[in-house]
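Thank you all for coming. I would like to take a few minutes to walk through one model, beginning with the chain as a whole and then turning to how its helices pack.

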Amino acid sequence: GKPVVTGPHLFNTQDIADKFARNGASIIVHDASELAQAVGDLFADESAAREFGERGRRIVAENRGALEQLMALVRPLIAVER
């Protein structure tokens, strides 16, 4: 439920990072100046900060259980007969 401010290099988590960006749940910054501006803006506008956090919370809730769904697909492929 908190606003997310991140750098542009998200290759390890690109899928969820893209969802956050597309849904206005994160702010991507490229340098210290942009980071300072983004954090300052969020502190200055509490309602905007709350909205960023709520958007992120919704994305997390919508994707809850994704690992178990993936494992259900993978388990038959890696099952070892005994």
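Read along the sequence, the elements of this protein chain come in the order β-α-β-α-α-α, which gives 4 helices and 2 strands. Please keep in mind throughout that what you see is a predicted model.

Let me start with the overall dimensions. The radius of gyration of the protein chain is 17 Å, whereas a compact globule of 82 residues would have one near 12 Å. Along its principal axes, the C-alpha trace spans about 60 × 25 × 20 Å. Of the 82 residues in the chain, 18% are buried. As for the contacts, if we take those between residues at least 6 apart in sequence, 53% of them join residues at least 24 apart.

Now to the helix packing, and to the pair formed by helix H1, residues 14-22, and helix H3, residues 46-62, whose axes lie 10 Å apart and make an angle of about 135 degrees. Since that angle falls neither in the range of 65 to 115 degrees nor over 145, H1 and H3 are therefore described as oblique to each other. The crossing of H1 past H3 is right-handed. On the H1 side the contact is made by Ile 16, Lys 19 and Phe 20, and on the H3 side by Gly 56, Ile 59 and Val 60. Sorted by class, the residues of this contact are 4 nonpolar, 1 polar and 1 charged.

H3 also packs against helix H2, residues 32-44, and here the axes are 5 Å apart, at an angle of about 105 degrees. H2 and H3 are therefore roughly perpendicular to each other. In this second contact, Leu 42, Phe 43 and Ala 44 of H2 meet Glu 46, Ala 49 and Phe 52 of H3. Its residues divide into 5 nonpolar and 1 charged, with no polar residue.

Finally, which residues does Ser 26 contact, once its neighbours within four places in sequence are left aside? Ser 26 belongs to strand S2, residues 26-28, and its contacts are Val 4, Phe 20, Ala 21 and Phe 52. Two of those names have come up already, for Phe 20 is one of the H1 residues that meet H3, and Phe 52 is one of the H3 residues that meet H2. With a relative accessible area of 14%, which is under the 20% cut-off, Ser 26 therefore counts as buried.

Technical notes. Residues are numbered from 1 along each chain as its sequence is written. This is a predicted model: local features need pLDDT of at least 70, side-chain atom pairs count only at pLDDT 80 or more; totals for chains, interfaces and linings use all residues. Side-chain values use heavy atoms; hydrogens and water are left out. Axes are lines fitted to C-alpha atoms, for helices over the stretch in contact, and angles run from 0 to 180 degrees between N-to-C directions. Angles under 35 degrees count as roughly parallel, over 145 as roughly antiparallel, 65 to 115 as roughly perpendicular and the rest as oblique. A crossing is left-handed if the near helix is turned anticlockwise from the far one by less than a right angle, and right-handed if clockwise. Contact means heavy atoms within 4.5 Å. Ala, Val, Leu, Ile, Met, Phe, Trp, Tyr, Cys and Pro count as nonpolar, Asp, Glu, Lys and Arg as charged, and the others, Gly among them, as polar. The radius of gyration is taken over C-alpha atoms; the globule rule is 2.2 Å times the number of residues to the power 0.38. Buried means under 20% relative accessible area, exposed over 50%, partly exposed in between (1.4 Å probe, protein chains only).
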